[in-house]
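Hi,

Here is the structure I promised to pass on. Have a look at it first, and my notes on what turned up follow below.

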Amino acid sequence: MTQGSPAEDRPIDAAGPAAETAPPQSRFPTALEQGEFVVTLEAVPAASPSGRGVDTLLKEAEELAAYGRVHAMSLTDNPGGGHAIMPDELAKQIQQTGLDSIVHFSCKDLTRNGAISRAYALEHMGLRNILALTGDYPKEGYWGVSKPAFDLDAVTLIKLLQDMNEGLVDADPRKGTPAPSCGFYVGACVSPFKFTEAEQMTQYYKLQRKVNAGARFVISQLGFDMRKVQELKQYCDLHDITVPLIGNVYVLMAGVARTMNRNQIPGAVVPDSLLRYVETFPKGKEGRPMFLEHAAKMFAVVKGLGYQGVHLGGFGLKVEEAREIIERADEFQPAWQEHLREMVYPMEPKERQFYFFQTDPATGLNTTTPVDRRKTGNPKGRIQLMYRAMRLLHALVFQPRTPGFWLAQRACHIADGNRLLRGMLHWEEKIAKEITVNCRECGDCALPHLAYLCPESGCPKNLRNGPCGGSYRGMCEVYPDRECIYFRAYNRLKLVGREEELRDMPVVTRDWSLWRQPSWITYFLGRDHMHVDIPERWKPKPPPEVPKEAPKPAEAKEKPPAS
């Protein structure tokens with residue numbers, strides 16, 4: 001799907017959706033599709049609607065547009081869970097300078113209806129380059145902590161935007177009204193910088209799900225272990241993930257490095273070995289050139305590994321510093337393999353760091369042979385009695401076309417028609433599932449997709465389609481004393497050789513109309529996202545059509561007598 005003009009400018013064909021047009025693309029997607037090496041620069045909008053922060057950002061956009069080697073400015077959507085000006089209007093002004101913009105679109109503050117509304121507004125403004133993100137959990141703000149939304153996650157947001165591209169959203173089949181199609185060019189993120197096998201593999205599984213949902217380009221999370229940067233490119237090549245891959249190059253500062261090393265920025269980690277190295281740099285302005293040189297070497301390595309672009313970022317990064325990094329990278333490019341070997345910063349203890357590919361003893365880098373994950377161990381290798389019991393119960397009762405399923409389905413059908421029986425069944429389910437999985441009564445159960453772990457009670461973001469990027473050594477971003485639910489699910493599934501179910505499971509969204517309803521009834525009667533088959537006679541019958549009476553002919557009016 002190419003980028004198009006706003007939907008209202010397209011001719012509407014009477015027989016279907018908006019007619020396909022082929023308006024010229026903006027520079028960023030055109031460069032990616034033509035195989036050009038691209039550079040994007042990340043900017044964080046200010047917390048105020050005007051003033052120095054906004055003025056400086058727009059001035060920098062003008063300078064980057066004049067420079068010519070930066071293809072787009074990427075605008076964040078309230079990183080860290082705080083509040084700031086939305087990037088949408090700023091992105092529109094940036095594009096007026098002649099520089100492309102990429103709008104970050106996160107799920108933490110919007111319901112799916114809100115996401116559709118914002119997407120249509122972006123389409124109307126001609127802002128079609130979108131980076132789809134799950135988003136950081138809200139932090140302390142005005143009147144305390146804001147209520148998190150997370151009605152969608154990155155996978156379902158990408159799927160939603162792709163459906164909007166195809167004109168599949170908001171169509172009214174009763175009236176035959178075609179939905180306007182959009183022209184979003186949607187990107188995704190992935191982190192290759194995870195410590196444990198479970199975290200890393202679920203990141204890669206979610207990447208494949210994002211691409212299947214419609215992601216057109218991928219930007220890596222910031223990180224500094226160049227062997228992991230090499231790993232991500234090799235993983236994509238091995239699994240035929242052919243969308244353009246853009247590597248993140250972040251310019252450190254000493255204070256930022258210490259903050260990341262303490263895991264105080266979700267998903268961003270500075271290993272101890274790198275922190276010890278950068279603390280040898282001179283303090284203050286005297287050390288800044290060394291940080292820029294380090295970033296320029298990373299830039300050269302990313303390009304040498306075959307990435308199709310670099311995503312530049314850094315606290316307080318100025319335009320002249322970005323230019324210096326780009327131009328110094330040209331000087332470092334011929335020796336990029338040497339810089340790759342010297343910029344391996346594993347998380348410690350390094351003997352426990354998971355790498356997807358085997359280690360080359362000569363270089364310390366990756367070979368092209370994946371590790372045998374059957375031999376990598378499992379931190380949860382003890383017998384999982386609860387998982388095995390629930391898997392057996394599912395096979396006997398909840399698996400379609402089995403005798404147990406047939407009996408349970410008919411029992412639920414009978415209970416559904418009797419208020420007393422329905423209430424008894426509801427309380428039986430509530431007690432059983434609260435004891436076993438701390439059920440929250442969503443009515444649209446996702447237990448079979450996550451090794452019988454509940455995403456509503458086990459994940460603060462209620463994620464059903466893969467983990468966020470904020471976990472650290474297997475622990476949750478929001479509650480560091482709890483294990484990430486996907487870390488637990490992977491380890492459960494690995495015990496029985498079924499971990500790839502987390503890659504192949506369907507894209508799941510929750511139907512909120514089922515809240516506080518018994519999920520056994522909604523499942524067996526085909527009302528939840530699983531949509532199991534039910535007997536035809538159980539399906540609700542459409543109301544009978546009432547024949548319309550023919551309009552009565554108007555009675556002839558009596559002519560007035562002639563005068």
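Of the 563 residues in the protein chain, 52% are buried. Keep in mind that this is a predicted model. The chain has 19 helices and twelve strands, and its accessible surface comes to about 27,700 Å², with carbon and sulfur atoms holding 55% of that. Among contacts with a separation of 6 or more, 73% are between residues 24 or more positions apart.

On to the inside. The largest nonpolar core has 124 residues, and Phe224 and Leu252 have the most contacts within it. Helix α10 (residues 288-304) is the top contributor to this core, giving nine residues. If you click on Leu252, you'll find that it touches Phe224, Ala257, Met260, Val270, Leu274, Arg288 and Phe291, leaving out residues up to four places away in sequence. Another core, of 14 residues, lies apart from the big one, and includes Phe405, Leu425, Leu525 and Ile534.

One helix I went through in detail is α4 (residues 112-124). Its 13 residues reach 18 Å from the first C-alpha to the last, close to the 18 Å expected at 1.5 Å a residue. Which of its residues are buried? They are Gly114, Ala115, Ile116, Arg118, Ala119, Leu122 and Glu123, so a couple of charged names turn up in that list too. The buried residues of α4 pack against two helices, α3 (87-96) and α5 (154-165), and two strands, β3 (100-106) and β4 (129-133). After α4 comes Gly126, which has a positive phi, near 80°.

Now the outside. In soluble globular proteins, nonpolar side chains tend to be buried together. Even so, there is a nonpolar patch on the surface, formed by Ile414, Leu420, Leu421 and Met424, with about 410 Å² of accessible area together. Helix α15 (residues 419-437) supplies the largest share, three residues, while Ile414 is found in helix α14 (residues 403-416). Ile414 counts as exposed because its relative accessible area is 54%, and the cut-off is over 50%.

Last, the charges. The structure holds 32 salt bridges, and three of them are described here:

- Asp330 pairs with Arg69, with the closest N and O atoms 2.8 Å apart. Asp330 is in helix α11 (residues 319-332) and Arg69 is in the loop between α2 (52-67) and β2 (72-75), so this bridge ties together parts 261 residues apart in sequence. Both ends are partly exposed, Asp330 at 36% relative accessibility and Arg69 at 35%.
- Arg276 meets Glu348 at 2.9 Å, N to O. This one links helix α9 (residues 272-278) with the loop between α12 (336-342) and β11 (357-359), 72 residues apart. Arg276 is partly exposed at 48%, and so is Glu348 at 30%.
- Lys297 forms a salt bridge with Glu342, the closest N and O atoms being 3.5 Å apart. Lys297 sits in helix α10 and Glu342 in helix α12, 45 residues apart. Is Lys297 buried or exposed? Lys297 counts as buried, because its relative accessibility is 15% and the limit is under 20%. Glu342, on the other hand, is partly exposed at 39%.

That last pair also belongs to a network: salt bridges with shared partners join Glu293, Lys297, Arg328, Glu331 and Glu342.

Cheers

Conventions
Residues are numbered from 1 along each chain as its sequence is written. This is a predicted model: local features need pLDDT of at least 70, side-chain atom pairs count only at pLDDT 80 or more; totals for chains, interfaces and linings use all residues. Side-chain values use heavy atoms; hydrogens and water are left out. A nonpolar core is a set of buried Ala, Val, Leu, Ile, Met, Phe, Trp, Tyr and Cys residues joined through side-chain atoms within 4.5 Å. Buried means under 20% relative accessible area, exposed over 50%, partly exposed in between (1.4 Å probe, protein chains only). Helices (H or I, at least four residues) and strands (E, at least two) are DSSP runs, numbered from the N terminus. Contact means heavy atoms within 4.5 Å. Accessible areas come from the Shrake-Rupley method with a 1.4 Å probe; for residues, only the protein chains shown count as cover. The expected span of a helix is 1.5 Å times one less than its number of residues. Patches are made of residues with over 30% relative accessible area and no salt bridge: like charges are joined within 9 Å, nonpolar side chains (Val, Leu, Ile, Met, Phe, Trp, Tyr) within 5 Å. A salt bridge is a side-chain nitrogen of Lys or Arg within 4 Å of a carboxyl oxygen of Asp or Glu.
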